[in-house]
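Biologist: I keep hearing labels for bits of a protein model, and I'd like to know what earns them. Could you take me through a few?

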Amino acid sequence: MPDCTSIDSLITPYVDGDIGAPERRLVDEHMRACAPCYSRVAAERAVFELMKTRRGELAGDIASVALRDRCEAQRRLSSAAAAGVVSVKSWRTRLAPLAVAAGVVAAAGAAMYLLTGRSSELLAAELTADHVKCFGMKSVLPVDADPEEAERTMTSTFGWHMPLPEVAVRAGMEFLGARVCLYGRGLAAHLMYLHNGQPVSVFMIPKTSRPETVVDVMGHEAAIWSTGGRTFVLVAREPENQAAAAADLSRMTAVVQAAVH
């Protein structure tokens, strides 16, 4: 199997669709066995799709300086890797492009949130990228794995409490941890779970309200609803069996909805 170093310069062309069939097969093969590189591809793809769909709104002077700087940083990093200037030898270097890609989504979200107002599609894309980033980098990110400590963090940071282990059991999920993440307009609570071995995230955004909906974004489904002046987003990877996916998402969402306050 090709290692991370050999496929690093292929990632961005792979996402852009500017890659030959043999190289695409190499990347596909590597991603099946490498979670960090899979996460990086998913995050870069989210960035690519987000920029493509919102190209007109980001034209000219509308894009923020921070967004332009992050895009330029990603371009320089990809170019350096392709030229062999950057050597991908350590986990820190290997995860850096993923962090930059997720940062681009966050910067784009901050700029476009002001333009699109109450865009559920944008929110879903931004939080899905964060979901992918956090699970791909959970071994090096600060995560409260102890349920009681996580509940205390959520209470002290957001004034919000949810019985994490009880909700996980009722929804057929395993609680992995919680962290505080940034999104386009501030802080969000991020609860991390496994369901049938697959990552599931529940985000809580304070002081916001959005209509209830389900958004398909980059191979994931994001269920969005609001209650008590808070918006919740449940993100799960979309399995091949669509009927099972809908049932699983509805069941998990219903359990979390009944528990949050």
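Biologist: How many aromatic pairs does the count come to by this rule?

Modeller: Three aromatic pairs. The rule says that rings of Phe, Tyr and Trp (its six-membered ring) pair if their centres lie within 6.5 Å; planes under 30 degrees apart count as stacked, over 60 as edge-to-face and the rest as tilted. Before we go on, this is a predicted model, where local features need pLDDT of at least 70, side-chain atom pairs count only at pLDDT 80 or more, and totals for chains, interfaces and linings use all residues. Residues are numbered from 1 along each chain as its sequence is written, and side-chain values use heavy atoms, with hydrogens and water left out.

Biologist: Why is the pair W160 and F232 called tilted?

Modeller: The centres are 5.8 Å apart, and the angle between the planes is 50°. That angle is neither under 30 nor over 60, so "tilted" is what remains.

Biologist: What does this pair tie together?

Modeller: W160 lies in the loop between α8 (147–158) and α9 (164–170), while F232 is in strand β6 (residues 230–237), so the pair ties together parts 72 residues apart in sequence. Helices (H or I, at least four residues) and strands (E, at least two) are DSSP runs, numbered from the N terminus.

Biologist: What makes W225 and F232 a stacked pair?

Modeller: Their planes are 15° apart, with 5.7 Å centre to centre, so they fall under the 30-degree cut-off. Ring pairs link W160, W225 and F232 into a cluster.

Biologist: How do you know whether W160 is buried or exposed?

Modeller: Buried means under 20% relative accessible area, exposed over 50%, partly exposed in between (1.4 Å probe, protein chains only). W160 has 2%, so it counts as buried. F232, at 0%, is buried too.

Biologist: Why is there no disulfide for C134?

Modeller: A disulfide is a pair of cysteine sulfur atoms within 2.5 Å. The sulfur of C181 is 3.7 Å from the closest cysteine sulfur, in C134, so that is too far for a bond. The count of disulfides is zero. Both cysteines are buried, C134 with a relative accessible area of 1% and C181 with 3%.

Biologist: What makes R24 count as lying over the face of Y14?

Modeller: A charge sits over a ring if NZ of Lys or CZ of Arg is within 6 Å of the ring centre and within 35 degrees of the ring normal. R24 is 4.3 Å from the ring centre of Y14, so the distance fits the cut-off.
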